[in-house]
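Here's a quick tour for anyone meeting this structure for the first time. Have a look at it below, then read on for how its parts fit together.

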Amino acid sequence: MSTVEPTRPRPTIGVDSAPFWEYVARRELRVQRCTGCGALRLPPGPVCRRCWSDDHVWIPVSGRGVLHSWVTFHRQYHPAFPVPYTIGLVELAEGPRIEAPIVETNPKDLAWRRAVELVWQEHDGFVVPAFRIAPDPADDTPEDDA
């Protein structure tokens, strides 16, 4: 007897967010940059919240950031999301914030301003950005063999 995994709900994609999701499908994280004042914005929108210009370009961002806030769900609200799972508010190194799953991480290891890095998840052929705790650079230092 086989079990069929439930399909995950997909985001509503509108005219302003369509380019974001097209880049994500190619595993590129990009944000809008206002060509009027240079402000970065995420989520995408039709006009800059700072200068009201409707001119913008999409620029790549590093995928590095810090955890600003998070919530770990212990109640299952949808069959495609087994518990526990964590959703975080990540402040990207470039400034904008993004809400995304926090994966490959024990919720007990989460802390405010903890460094995170971008990873990609694919569910039912749909790619989404997610984040995990970034490796500590101190762990990469070579040991002295002397």
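**Where the two domains meet**

In this predicted model, domain 1 and domain 2 bury about 1,000 Å² between them, and 79% of that area sits on carbon and sulfur atoms. On the domain 1 side, Arg27, Leu29 and Leu42 supply 52% of the area buried against domain 2, more than any other three residues.

The layout

- The protein chain splits into domain 1, covering 13-60, and domain 2, covering 62-136.
- Going by C-alpha atoms, the centres of domain 1 and domain 2 are 21 Å apart.

Who touches whom

- Contacts link eleven residues of domain 1 with 14 residues of domain 2.

Charged and polar links

- Just one salt bridge is counted between domain 1 and domain 2.
- Arg27 and Glu122 pair up through their side chains in a salt bridge, at 3.1 Å from N to O.
- Arg27 also belongs to the trio that supplies 52% of the area domain 1 buries against domain 2.
- One residue pair is in polar contact across the interface of domain 1 and domain 2, with both residues at pLDDT 80 or more.

The domain 1 side, up close

- Helix α1, residues 18-25, gives the most to the side of domain 1 that touches domain 2, chipping in four residues.
- Sorted by class, that side of domain 1 has nine nonpolar residues, two charged ones and no polar ones.

Terms used. Residues are numbered from 1 along each chain as its sequence is written. This is a predicted model: local features need pLDDT of at least 70, side-chain atom pairs count only at pLDDT 80 or more; totals for chains, interfaces and linings use all residues. Side-chain values use heavy atoms; hydrogens and water are left out. Domain bounds come from an automatic or database domain assignment. Contact means heavy atoms within 4.5 Å. Buried area is the accessible area (1.4 Å probe) that two parts lose on being put together, summed over both. A salt bridge is a side-chain nitrogen of Lys or Arg within 4 Å of a carboxyl oxygen of Asp or Glu. A polar contact is a pair of N or O atoms within 3.5 Å; within protein, one must be able to donate a hydrogen and the other to accept it, and residues adjacent in sequence count only if both atoms are side-chain atoms. Helices (H or I, at least four residues) and strands (E, at least two) are DSSP runs, numbered from the N terminus. Ala, Val, Leu, Ile, Met, Phe, Trp, Tyr, Cys and Pro count as nonpolar, Asp, Glu, Lys and Arg as charged, and the others, Gly among them, as polar.
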